[in-house]
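Here's a friendly walk through one interface and one surface patch. Have the model open as you read.

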Amino acid sequence: MPMALLLDNLGFFLTGLEFTIRLALLTLVCAIGVSLLIGLMSVSQWRALRIAALCYVEFWRDIPLLVNLLFIYFGAPLVGVPLKPFTAALLSLTLWGGANGAEIVRGGINAIGRHQFVSATALGLKRWQIYRYVVLPQALMPILPPMTGLCTTLVQATSLASLLGVNEFFRIAQIVVERTTMQSGHSPAFLIYGFALLVYFAICSALTWLSRYFEQRLQKTGHSAIAAPRGFKESA
Amino acid sequence: MQSSQTPLIEAQNLVKAFGRTRALDDVSCAISTGERLVVIGPSGSGKSTLIRCLNGLVKPDAGKITFDGQRVEPTSEGHWRRLRQRVGMVFQDYTLFPHLTAIENITLAPVRAGLMPKPQAELAARRLLERVQLAEKATSYPAFLSGGQQQRVAIARALAMRPQVLLFDEPTSALDPEMIKEVLDLMVSLARDGMTMIVVTHEMGFAHAVADRVLFMEAGRIVEAGPPDQIFGNQNDVRTREFVRRIA
Amino acid sequence: MKHNFDIAYIIASLPALLEGLRMTIIVSAISITLAIAIGVGGASVRIFNTPVFSQLARGYVEFVRNTPLLVQIFFIFFGLPALGLKLSVFWSGAVALTVWGGAYNIENIRGGFLSVSKGMREAAEALGIDRLRYLWLIALPLGLRVAIPSVLNTSISVLKNSAYLQAIGLAELTFVAMDKLSLDFRTLEMFAAIGCIYLGLVLSLSWAVRRAEWVLQRPFRTE
């Protein structure tokens, strides 16, 4: 009988899933873009950019994501830009994801030792060339694992959009639970929310598996750092 | 070996402080085309700082640097960048780019600096790999090369830019003993081909064999300068004599 | 729509907000503490590869990390009653946060243990130190040192995530703010207030984390 409930609403769940996937993909693309931008700003040679990046990151990371979401949704009309729930969710997740991602990008770039940068400078390469051909390709290795973690978190965070009324997957689950409770008197929450957990689990596990595959591909080329030479010291 | 009269690089009265320590305390030196200059001295004497001033990696607090008769503005990063195409540098830790193969390491700078198109650069790179006797390792990643091999690739990488002068910062200090010889042999053969070089090293045998002039530095100053016979045999300064005796 | 920023309103709302803050801190503190306990227990079980428990711990961590906290909260509050486990809003929230934080802490502390090199374990074994004493005297102090920054970061996340509990009706800080907002429509003031409170909380806790890291590094620092 529980299966019947799931099957009856399957189409309904699928439309919700479609919403979730759409929101998730858009969020990931935008958040990764923002992460790269702010991450590069935070290692820039201009102090003003570094400070701007730092403020951005601290602000959006320290406030709970939910507060962030509600603030964007309820606050936007005040500056004259009323947002649809979907857009508010997208904007909020992008800002938050970008802040966390920027930290990951910054950490990855800093993990590439300064010697690489100095060595490339000595060859006469321009600053942007050094980043493009030497630093960023190597930074992929330390960036990829935590970035994947962030991406799965962002996919999970799309469930927050349900609180704004966006008809993504979790909202559908809530609606099904409420409707069934009203109609039949007892709550299928255990089943439906359990089902929801399993669906998210499947999606995020697939994402993680995909990224591990790319990590291994990167390892095969020389992307993991060479061992530092023994006894190296910075002599004056 | 005859060297030309006008100096290729000339540094005058360089001063550089890191915090409270003076790494360079009024240092002047010059090198002419075709000359081989070796710099020796205890750690902390300022040797590395000095040669890093000569390609702009370190900007001196005071002093004048002239390249080919033209004064270099110490803060002009753009001018230094163009100059670095004429000044090659080899580091103690080789610092090859680990995500690129040996040949890609060598062709990166020439191609990106617009010196030559990729096919030509690859041809030149292969010739360089032959020169350093690593032709068969062209498509190997640095992680799979020994320290000595990596350093030789690093030298090839510096040569790829066709520099007028090569700077070496303790190129063999981080190598296992059995690999030091292969790198020194390469440097000797480069010197024999007429390459202008400034080498910071502890390898006295190499210095004695190759150098036209030796500088002995201590505590940020040049204590004594002269031909190897003088520095290693008939020192003017007691500090030089003590250092050489300690190293010998 | 002209909107003057009314500081007086914020001050008038402070008592209610502080009540919410109190709830936030209490539920977070309980969850953080229990989550650390789960972290130590789960990490030990994984490190020693205790049969059954190790796999259970692994599955638990994988499941919690790959599912949304909000859905977990709803599952615990709305779904568990079907099994006869009817928890109050407060305790559902505490359990959910504990379960979430515990999973991340297991990984944090496990990472700390793993960083204690194999050489230490062999040295201890050679000296005849048994497993439990090794754990207590060597692995734990060294491993926890490494793990503490990430454990504290997870704990700060637990604090931030307590805001999710407003969705099931717990009167923590965000709930109180949203509640007042729906009555008085003072959007800007409310968000400014809770924004500052959360920022202040997180920044001071992060500062405390950095101090703790600095102190812990004393045996390893050379100046």
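Between chain B and chain A, the salt bridge count is 0, a salt bridge being a side-chain nitrogen of Lys or Arg within 4 Å of a carboxyl oxygen of Asp or Glu. What the two chains do have is 7 residue pairs in polar contact, both residues at pLDDT 80 or more. That term means a pair of N or O atoms within 3.5 Å; within protein, one must be able to donate a hydrogen and the other to accept it, and residues adjacent in sequence count only if both atoms are side-chain atoms.

A quick word on the source: this is a predicted model, where local features need pLDDT of at least 70, side-chain atom pairs count only at pLDDT 80 or more, and totals for chains, interfaces and linings use all residues. Residues are numbered from 1 along each chain as its sequence is written, chains are lettered from A and ligands numbered from 1 in the order written, and side-chain values use heavy atoms, without hydrogens and water.

Which parts of chain B touch chain A? Each element in this table supplies at least two residues to that side.

| Element of chain B | Residues |
|---|---|
| Helix H1 | 47-53 |
| Helix H2 | 77-83 |
| Strand S6 | 87-90 |
| Helix H3 | 102-112 |
| Helix H5 | 147-159 |

Helices (H or I, at least four residues) and strands (E, at least two) are DSSP runs, numbered from the N terminus. H1(B) gives the largest share, 4 residues.
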